[in-house]
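Q: I would like to go through this structure and ask, for each label put on it, what justifies the label.

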Amino acid sequence: MKILGLETSCDETGVALYDTEQGLLAHALHSQISLHEIYGGVVPELASRDHVRRIIPLIRKVFTDAKVSGRDLDGVAYTAGPGLIGALLVGVSTGRSLAYGWNIPAVAVNHMEGHLLAPMLEDNPPEFPFIALLVSGGHTMLVKVEAVGSYEILGESLDDAAGEAFDKTAKLLGLGYPGGPPLSALAESGNPDRFRFPRPMTDRPGLDFSFSGLKTFAVNTYKKEGDDEQTRADIACAFVEAVVDTLAIKCKRSLQQTGIKTLVAAGGVSANTQLRERLKKVCRDEGGQVFYPRPEFCTDNGAMIAYAGALRLQAGAEEALGFEGRPRWSLGEL
Ligand code: KG4
Ligand code: ZN
């Protein structure tokens, strides 16, 4: 079964072809970072217009790369949510229209399910059941995954997502957008003993998160301690350490509470090297193992959508001809 996957939920146009027998045939991505960075964040209307410009050339590119045409396809998968409505509608309407033209099924994919399944695209995929730590720009959650489509949300962020906290703190320190990679790089030259930031909500039971206080802590430290290069690096270091430690404590707790030994980390923040190292240690201590997508599939991409769509179509998913974008769409509803 050959599936075309389309991702346009935010600031990346991702397109991929996945074959259930041969695996990933081709993938292509256009990042809008340079379009949005002067504004310090994603401008929704600019994002939608850029998806419109990019999506057809990217589809042509994956067809050429994989030597495949529309006639060879068995289905089209598109991200229907969660995300920015105007951006989503580009992928939704393109995917639906192509499927109608080629007379093949189309399937709506939940973006967070795409992230969650992304590690399955690697050579050594995790086995069910596992705990998934999903850490992206819009979401932070721990999910118990028994099988494809069986998702129990164990905890989630009550305010800012981890990636959002990275982006806001990076902006404060004068770093570019998106803030995760430069903030994490700056943290490497910081002194870990100078500041200690809180580990929010780790002193009480439960698996929910709250990251907005950390950003405020960073702002206050910055105002008090001044603006020299070393102080900025020390704040970055304390911030990254606090986020990583908080995520690690909750991952460990979820493994212990469920007795599950396998952890999957996905979403943009799972590309973070400090987090990857820490989770490896947590899982080793628990006698388990952690799985990640390759770094380019941690952030948004079409491959994870093609893969999630292929599994859904194989399981017999069918859709009526109408379509909708769903800016809010919880994994718990799947
Ligand atoms: O999953 P993603 O590409 O988009 C959403 O679905 O939101 O995640 C983007 C988020 C941004 O907040 C970005 O700053 C963060 O992931 N991010 C990172 C790293 N790479 C991307 N955060 C920390 N360290 C990184 N290396
Ligand atoms: Zn994402």
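A: Helices of at least four residues and strands of at least two are DSSP runs, numbered from the N terminus. The model is predicted. With those runs as boundaries, Pro82 is found in the loop between strand E4 (75–81) and helix H3 (85–102).

Q: What is the peptide bond from Gly81 to Pro82 called, and on what value?
A: The bond is cis, with omega near -10°. The bond from Tyr177 to Pro178 is also cis, with omega near -10°. Pro178 sits in the loop between helix H5 (162–172) and helix H6 (180–187).

Q: Which residues does Pro327 touch, leaving out those up to four places away in sequence?
A: Pro82 is one of them, along with Gly83, Ile85 and Leu88. Pro327 itself belongs to the segment after helix H10 (303–314).

Q: Why is Pro327 called partly exposed?
A: Partly exposed covers the range between 20% and 50% relative accessible area. Pro327 has 40%, so it is partly exposed.

Q: How do you know what size to expect for a compact globule of 334 residues?
A: The globule rule is 2.2 Å times the number of residues to the power 0.38. For 334 residues this gives a radius of gyration near 20 Å, and the protein chain has 20 Å, so the two agree. The C-alpha trace spans about 60 × 45 × 30 Å along its principal axes. The secondary structure comes to ten helices and ten strands.

Q: What share of the residues of the protein chain counts as buried?
A: Of the 334 residues, 54% count as buried. The exposed area of the chain is about 14300 Å², with carbon and sulfur atoms supplying 50% of it.

Q: What makes Asp50 and Arg54 a salt bridge?
A: The cut-off is a side-chain nitrogen of Lys or Arg within 4 Å of a carboxyl oxygen of Asp or Glu. The N to O distance for Asp50 and Arg54 is 3.4 Å, so the pair qualifies. Both residues lie in helix H2 (residues 44–66), four residues apart, about one turn of the helix.

Q: Is Asp50 buried or exposed, and how do you know?
A: Buried requires under 20% relative accessible area. Asp50 has 3%, so it is buried. Its partner Arg54, at 32% relative accessibility, counts as partly exposed.

Q: Why is Asp11 said to have no salt bridge?
A: A salt bridge needs the nitrogen and oxygen within 4 Å. The nearest side chain of opposite charge to Asp11 is Arg54, and it is 13 Å away, so the criterion is not met. Asp11 is nevertheless buried. Asp11 is placed in the loop between strand E1 (2–7) and strand E2 (12–19), and its contacts beyond four places in sequence include His30, His36, His51 and Tyr177.

Q: What makes Arg312 and Glu113 a link between separate parts of the sequence?
A: Their side chains meet in a salt bridge at 3.0 Å, N to O. Arg312 lies in helix H10 and Glu113 in helix H4 (residues 111–117), so the pair ties together parts that are 199 residues apart in sequence. Glu113 is buried, with a relative accessible area of 1%, while Arg312 is partly exposed at 23%.

Q: Which residue forms a salt bridge with Asp245, and which parts does the pair tie together?
A: Asp245 pairs with Arg278, the closest N and O atoms being 3.0 Å apart. Asp245 lies in helix H8 (residues 229–258) and Arg278 in helix H9 (residues 273–285), so this pair ties together parts 33 residues apart in sequence. At 18% Asp245 falls under the 20% limit and counts as buried; Arg278, at 21%, counts as partly exposed.

Q: How many salt bridges does a search of the whole structure find?
A: The search finds 22. Asp160, Glu164, Lys168 and Lys215 are linked in a network of salt bridges.

Q: Why is Lys67 called exposed?
A: Exposed means over 50% relative accessible area, and Lys67 has 75%, so the label applies. Lys67 lies in the loop between H2 and E4. Its phi is near 55°, a positive value in a residue other than glycine.

Q: Is Met201 buried or exposed?
A: Met201 has a relative accessible area of 14%, under the 20% limit, so it is buried. Met201 has a positive phi of about 65° although it is not a glycine, and its place is in the loop between H6 and helix H7 (212–225).

How values were computed:
Residues numbered from 1 in each chain as written. Chains lettered and ligands numbered in written order. Predicted model: local features only at pLDDT ≥ 70, side-chain atom pairs only at ≥ 80, totals over all residues. Heavy atoms only, no water. Buried < 20%, exposed > 50% of the residue type's maximum accessible area, 1.4 Å probe, protein only. Lys, Arg positive; Asp, Glu negative; His and termini not counted. Contact = heavy atoms within 4.5 Å. Areas by Shrake-Rupley, 256 points an atom, 1.4 Å probe, with all protein chains shown as cover.
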